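Me: I am new to this structure and should like to understand the terms used to describe it. Please set each term against the values behind it.

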Amino acid sequence: MKIKIISFFTLACVLNIWGAVAKAQRKGFWQQKVDYTMDVNVDEKAYQYDGKMTLKYSNNSGQSLNKVYFHLYFNAFQPGSMMDYRLKNISDPDKRMVTNLGTKEKPVYQSRIGELKTNQIGYQKIKSLTMNGANASFKIDGTILEVALPTPIQDGETARFDMEWTAQVPEQIRRTGRNSAEGVALSMAQWYPKMAQFDEFGWHLDEYTGREFIAPFGNFDVTIHLNKNYVVGASGVLQNPSEVKGYQQKAKVKAIDNKATWHYKAQNIHDFVWAADPKFVVDSASSKNGIKVYTVFLPTDKEVISNWKTAIGLSTEFFDFCSAKFGKYPWPTYTIIQGGDGGMEYGTATLITGGRNLKSLVGVIFHESAHSWYQQLFGINETVDEWFDEGFTSYVEELAMQHIFEKRGAIASNPQIAAYRGYYKLALSGKEEPMSLLADYYNTNYGYSNEAYNKGAVLAEQLGYIIGQENLEKTFLKFYDIWKFKHPTPNDFKRVAEEVSGINLKWYFNLFINTTRQIDYAIEKVTDTDILLANKSNFAMPLDVLVEYTDGSKELFYIPLREMRGEKPEEHFDIYKGVKRTVLEDWFWTKPDYTIHVSKTPKTVTIDPSLRLADVESANNSFSK
């Protein structure tokens with residue numbers, strides 16, 4: 001079994017993973033590459049560990065590098081950190097990260113980070129650092145380690161960094177830490193000195209204030225020495241399941257000084273996570289396409305055990321569904337681990353809270369697993385394009401939930417309607433900011449969450465309204481073929497959608513992402529011969545207008561937007577079956593009204609019966625005689 005897994009894993013990486021990196025659509029594309037070999041020795045009683053790392057860093061940038069940077073994320077969990085001050089000054093702090101000293105009606109929040117004592121804080125202290133055997137000087141500023149290189153890394157060269165560090169695992173406050181609210185001993189996310197991303201936009205040196213991440217793709221070879229009674233769940237493929245607890249019934253745990261050794265390998269991922277607890281149990285199942293899904297969780301009661309047992313079967317269905325819709329899942333395993341403080345995606349694994357009802361458990365598993373595409377496969381910069389990460393993941397999650405639980409066929413109405421409602425609430429709240437804002441800089445968590453998750457999902461679904469649902473599905477698959485493992489930008493996705501559909505999308509992506517403009521169309525007047533439409537906003541869109549005549553017949557009028565320089569094809573939804581489709585002359589954004597001439601008397605008129613147009617005022621979108 002072990003030999004087969006490793007053989008498949010190696011073959012997949014050689015043929016499907018690294019082969020893909022050599023090709024890219026955009027001329028001049030390049031990216032850096034990392035290979036980590038790490039060995040950590042954990043003192044579980046003190047919540048500390050010593051680490052050794054060998055990192056091979058390949059410079060493909062076209063320029064020489066005199067400095068490199070690492071992230072030391074644990075350092076954020078110290079009083080006086082930027083994350084601490086962010087919690088003290090944002091109007092709606094994450095409730096998991098603060099203590100309420102007031103009442104529910106009049107809360108007074110205090111940062112939990114500010115309350116940490118010396119033995120509770122997180123830190124990563126560098127003991128030694130060399131590059132190609134020569135000492136490298138360095139300095140630490142918050143969560144960033146700046147390294148001055150003894151000699152520049154030339155373009156095309158691979159440098160070897162050797163590092164030793166010591167770390168203390170902080171109290172569980174955000175994503176990573178010890179003793180989670182559900183009782184997981186160690187949730188080890190952002191636990192190692194992580195090479196910062198360097199790309200065409202320069203170095204990404206965001207201080208860790210609570211949002212998410214960006215890092216180069218690479219290989220991981222991780223060895224963990226931990227008390228033999230603990231069970232570990234982690235990214236990648238476990239290399240020695242017969243020597244550790246939990247993965248094989250007849251395993252003979254090998255221990256030296258009361259510690260077992262856990263050895264994991266993963267290829268072409270950009271983050272590695274693990275969690276450990278002596279009470280963990282492990283379950284596994286395989287999808288029809290051969291993806292091995294593991295669950296690692298605390299069996300606290302019969303309901304929890306039953307929910308996790310059901311969830312693992314549904315998760316295998318999820319991976320097969322997404323592989324068909326969004327591109328083949330390229331790794332041999334995925335591990336769902338109880339830990340952390342909610343749900344967070346990592347390379348081939350996730351940490352989630354597990355004491356949930358079944359629907360909630362499956363929902364969070366589906367969301368984090370969907371990040372295997374929109375984050376992990378594409379290495380999206382979550383610090384810059386948070387909506388491209390969370391919004392598209394929410395889109396994937398919702399389609400999967402409806403397919404697996406409701407067995408939906410042809411779309412009768414908008415499958416992302418819940419996201420639309422969240423977006424409408426945001427748009428009318430006065431708290432909306434441009435979706436292109438850097439993730440850390442939103443004025444409110446409310447604004448960030450609705451922009452990233454809801455408006456991002458709306459962008460994807462509404463794109464299908466503009467270019468046609470079939471073209472949208474083709475876009476997702478072509479984007480996967482071209483850009484997997486390559487850190488694409490939203491513009492790269494837009495260009496693929498334009499090539500697939502033949503429609504210009506500059507106006508849509510610019511206005512929906514970079515502004516807070518809102519869509520608002522209205523039916524102004526209906527007579528026996530004419531339908532007068534008005535654009536009451538400063539955001540022009542194409543329109544589908546369904547007319548039912550007094551004789552019972554129906555006609556769908558399609559009005560392209562001139563800026564599209566093209567038309568979407570006819571869509572084959574249930575609501576349009578047997579309906580005549582008439583393509584009219586294009587409308588353009590400088591003209592505030594438009595008249596449809598009809599040959600029969602209208603009985604009802606509806607703008608966008610599919611509900612995919614994100615119109616903030618729907619009351620004026622229908623007419624009934």
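Reply: The answers below concern a predicted model, and they take up helices, aromatic rings, cores and loops in turn.

Me: How do you know that the span of helix H8 agrees with its number of residues?

Reply: Helix H8 covers residues 445–467, which makes 23 residues. At 1.5 Å a residue these should span 33 Å, and the end C-alpha atoms are 32 Å apart, so the two values agree. The helix nevertheless bends by about 35° at Glu451.

Me: What makes H8 "mostly covered"?

Reply: A residue is called buried when its relative accessible area is under 20%. In H8, 20 of the 23 residues are buried. The helix is followed by Gly468, which has a positive phi, near 100°.

Me: How does the span of helix H4 compare with the expected value, and which of its residues are buried?

Reply: Helix H4, residues 358–370, has 13 residues that should span 18 Å at 1.5 Å a residue; its end C-alpha atoms are 18 Å apart, which agrees. H4 is mostly covered, with 10 of its 13 residues buried. Among the buried residues are Leu361, Val364, Phe366, His367 and Glu368.

Me: What covers the buried residues of helix H10?

Reply: The cover includes helix H5 (372–377), helix H6 (386–406), H8, helix H9 (469–483) and helix H11 (506–514). The residues of H10 that are buried include Pro490, Phe493, Val496 and Ala497, together with Asp492, Lys494 and Glu498. H10 itself has 12 residues, 490–501, and reaches 17 Å from its first C-alpha to its last, close to the 16 Å expected. Just after H10, Gly502 takes a positive phi of about 75°.

Me: Why is the pair of Phe392 and Phe476 called edge-to-face?

Reply: Two rings pair if their centres lie within 6.5 Å, and planes over 60 degrees apart count as edge-to-face. A search of the whole structure finds 62 aromatic pairs. In the pair of Phe392 and Phe476, the centres are 6.1 Å apart and the planes stand at 70°, so both conditions are met. Phe392 lies in helix H6 and Phe476 in helix H9, so the pair ties together parts that are 84 residues apart in sequence.

Me: Why are Phe392 and Phe476 called buried?

Reply: The cut-off is under 20% relative accessible area. Phe392 is at 1% and therefore counts as buried; Phe476, at 2%, also counts as buried. Both residues are in contact with Tyr374, whose other contacts beyond four places in sequence include Ile380, Phe388, Val396, Phe479 and Phe493.

Me: What makes the charged end of Lys455 one that sits over a ring?

Reply: For a lysine, NZ must be within 6 Å of the ring centre and within 35 degrees of the ring normal. The charged end of Lys455 sits over the ring of Phe512, 4.7 Å from its centre, so the distance falls inside that limit. The charged end of Lys88 likewise sits over the ring of Tyr85, at 4.9 Å from its centre.

Me: Which residues have the most contacts inside the largest nonpolar core?

Reply: They are Phe161, Trp165, Trp191, Trp274 and Tyr374, in a core of 180 residues. Helix H3 (residues 302–326) gives the most to this core, with 10 residues. A second, separate core has five residues, including Leu546, Phe573, Tyr576 and Val579.

Me: What makes the phi of Asn179 and of Asn258 worth noting?

Reply: Most residues other than glycine have a negative phi. Asn179 has a positive phi, near 55°, and lies in the loop between strand E11 (177–178) and strand E12 (186–188). Asn258 has a positive phi of about 70° although it is not a glycine; its place is in the loop between strand E19 (255–256) and strand E20 (259–269).

Me: Why are Asn179, Asn258 and Asp586 called partly exposed?

Reply: Partly exposed lies between buried, under 20%, and exposed, over 50%. Asn179 is at 35% and therefore counts as partly exposed. Asn258, with 37%, is partly exposed, and Asp586, at 26%, counts as partly exposed too. Asp586 belongs to the loop between strand E31 (580–583) and strand E32 (593–597). Leaving aside neighbours within four places in sequence, Asp586 is in contact with Pro560, Leu561, Arg562 and Tyr594.

Key: Residues are numbered from 1 along each chain as its sequence is written. This is a predicted model: local features need pLDDT of at least 70, side-chain atom pairs count only at pLDDT 80 or more; totals for chains, interfaces and linings use all residues. Side-chain values use heavy atoms; hydrogens and water are left out. Helices (H or I, at least four residues) and strands (E, at least two) are DSSP runs, numbered from the N terminus. The expected span of a helix is 1.5 Å times one less than its number of residues. The bend at a residue is the angle between axes fitted to the seven residues ending there and the seven starting there. Buried means under 20% relative accessible area, exposed over 50%, partly exposed in between (1.4 Å probe, protein chains only). Contact means heavy atoms within 4.5 Å. Rings of Phe, Tyr and Trp (its six-membered ring) pair if their centres lie within 6.5 Å; planes under 30 degrees apart count as stacked, over 60 as edge-to-face and the rest as tilted. A nonpolar core is a set of buried Ala, Val, Leu, Ile, Met, Phe, Trp, Tyr and Cys residues joined through side-chain atoms within 4.5 Å.
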